[in-house]
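Colleague: I am new to this structure and would like to understand the terms applied to it. Please show me the chain, and then let us take the terms one by one.

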Amino acid sequence: MAPVERAHPQRPLLVAVVAALVVPLLLGVGAAPAVAADPAPTLQPGLAAQEREARQEARQSPTTAERTTKVRGSIKAADKGVKYRVRWFTKDWTYIDERKVTGGIYSLSLQPGTYYLQFVDLRPAYNVTKYAPTDIKVKVGDTSVQKNVRMKRGAAITGTVRAGGRVAGGAEVVAANAAEQSYRVTANKRGQFALGGLPAGSYSVFTYDRKKAYVGRSTYLAGMKLGQVRNTPITLGTRAGRLLVDLRTKDGKVKEKVFVTAVSKATGQFWTVKARGGEAIFSGLFPGKYRMVAPGVGSFLPQSGAIKGAMVRSGKDDLASSFTWTKRGATISGAVVDEEHPDAPMEDVEVLAFDQSGARLGSATTGADGLFTITGAITTQQGITVKIQPGGANPPYLQGTYYCKYGTASQGGVSVRTGEDTVLGILALPQLPTAQQDNRSNCGPDATAPRQADARR
């Protein structure tokens, strides 16, 4: 996979992963061809699918304001014809959206506020002339903004991987730095790899052979500079082990699918898998004890800590380990009714919560009784906005007392506390104006038919 090119200053769970990177080695210089894996970005091995899901969810999130301002600029670079991707984030680095840029000029329409824009060279990861990702900060007001960006050639790591005394064709090479970024590439059939476009900094290089049969300690490369190429031969000489971890919360076995990361306490290397049925199975592990880095599940917050009973041995399977989420996040609950018929609970209403910056905290859909509960990694905070809007299969149509078209409504100033449920009470979903309804006799505030206490009786 190609790299994530996001500088993310506040990711506490990932800090625990990167802080464990150790073991410096002496290096030489040279270049070798390689094959790139899936170009989707990833912060850790195996997280590309999870990040794609998060980006898709972010794109589907409704905006909280409509007024936008143009942000434009030129991309300055020595190499011509390069295609780029620009991603934009809130001022606290919450992902918003992204798009491709061709022709060296980007143009965005953003709501007033402060943003980080990130520019990524889309050439393959194995291209040692690839530019390093570049971030700029933009303040958007009422007038258009021009902000140019200059791309510089990134650092590059090359080498050959050997495992069990033989060249390791198809080995996976991951370079992780202290800025919580990781970059990955797959070696060619001769075990040769090249990984370009790296930001300046120090890197720990993790390597996994294709069959996950051999492992080795991470290789530490200190002080990589932009434009620098380092050749790093890698030898994997230790038989790998496997680890099965039972995943639980205080409420019982974890039912949803979730990406979790096991971190070696001996080397700092990390392995990420998609857990199913409350079990996470890790292969190709370095011997020793392990800790877990895990996102929030259900109403429980993200958590990191030791994997209970985990002791991986060379060439062996550890099948008796567990990890438990213990700290609940805040929840937001309430009920939704038809504004024109307050005795009618509304089913299939989408309820969304946004923090003060407009970032989406979570969502829920009302049931037949009109009730909802928003759960997720929500911590103590103020200024939350809760928005209700038609969901279901055919919005804006919903079945209330009658089958009508519905609009949206918001409630601001909501405060929550970690581990507690904030009850909003009853929220009313408005019907669209009668002039916009198909059934004008019964729908909308100016319906012509007489109101009935309950037309369904």
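Colleague: What makes arginine 328 and aspartate 251 a salt bridge?

Modeller: In this predicted model, the closest N and O atoms of arginine 328 and aspartate 251 are 2.5 Å apart. The cut-off is 4 Å, so the pair counts as a salt bridge. The pair links distant parts of the chain, 77 residues apart. Arginine 328 is in the loop between strand E27 (317–325) and strand E28 (331–338), and aspartate 251 is in the loop between strand E20 (241–249) and strand E21 (252–253).

Colleague: Why is arginine 328 called partly exposed?

Modeller: Its relative accessibility is 32%. Buried requires under 20% and exposed over 50%, so arginine 328 falls in between. Its partner, aspartate 251, has a relative accessible area of 56% and is therefore exposed.

Colleague: How do you know that lysine 405 and aspartate 438 form a salt bridge?

Modeller: Their closest N and O atoms are 3.8 Å apart, and because the limit is 4 Å, the pair qualifies. Lysine 405 is in strand E34 (residues 403–405), while aspartate 438 is in the segment after strand E36 (421–429), 33 residues apart.

Colleague: Is lysine 405 buried or exposed?

Modeller: Lysine 405 has a relative accessible area of 16%, which is under 20%, so the residue is buried. Aspartate 438, at 58%, is over 50% and therefore exposed.

Colleague: Which residues are joined into one network by salt bridges that share partners?

Modeller: They are Asp79, Asp121, Arg123 and Arg153. Within this network, arginine 123 and aspartate 121 have their closest N and O atoms 2.8 Å apart, and both residues are buried. A search of the whole structure finds 10 salt bridges.

Colleague: What makes arginine 123 a charge that sits over the ring of tyrosine 131?

Modeller: The charged end of arginine 123 is 5.1 Å from the ring centre. The distance limit is 6 Å, so that part of the criterion is met.

Colleague: Let us turn to the aromatic rings. Why is the pair of tryptophan 93 and tyrosine 116 called stacked?

Modeller: The structure holds 10 aromatic pairs. In this one the centres are 4.4 Å apart and the planes are at 15°. Because centres must lie within 6.5 Å and stacked planes must be under 30 degrees apart, the pair is stacked. Tryptophan 93 is in the loop between strand E2 (84–90) and strand E3 (95–101), and tyrosine 116 is in strand E5 (residues 113–121). Tryptophan 93 is buried, since its relative accessible area is 6%. Phe89, Trp93, Tyr95 and Tyr116 form one aromatic cluster.

Colleague: What makes the pair of tyrosine 183 and tyrosine 203 edge-to-face?

Modeller: The distance is 6.4 Å centre to centre, with 65° between the planes. The centres lie within 6.5 Å and the angle is over 60 degrees, so the pair is edge-to-face. Tyrosine 183 lies in strand E12 (residues 182–186) and tyrosine 203 in strand E14 (residues 201–208), so the pair ties together parts that are 20 residues apart in sequence. Tyrosine 183 has a relative accessible area of 0% and is buried; tyrosine 203, at 0% relative accessibility, also counts as buried.

Colleague: What is the mean pLDDT of the chain?

Modeller: The mean is 85, and 84% of the residues reach 70 or more. Over residues 1–50, however, the pLDDT is below 50, and over residues 58–65 it is below 50 as well. Where pLDDT is low, the predicted coordinates should not be read in detail.

Key: Residues numbered from 1 in each chain as written. Predicted model: local features only at pLDDT ≥ 70, side-chain atom pairs only at ≥ 80, totals over all residues. Heavy atoms only, no water. Salt bridge = Lys/Arg side-chain N within 4 Å of Asp/Glu carboxyl O. Buried < 20%, exposed > 50% of the residue type's maximum accessible area, 1.4 Å probe, protein only. Helix = DSSP H or I, 4+ residues; strand = E, 2+ residues; numbered from the N terminus. Phe/Tyr/Trp six-rings, centres within 6.5 Å; stacked < 30°, edge-to-face > 60°. Lys NZ or Arg CZ within 6 Å of the ring centre and 35° of its normal. pLDDT = per-residue confidence, 0-100. Contact = heavy atoms within 4.5 Å.
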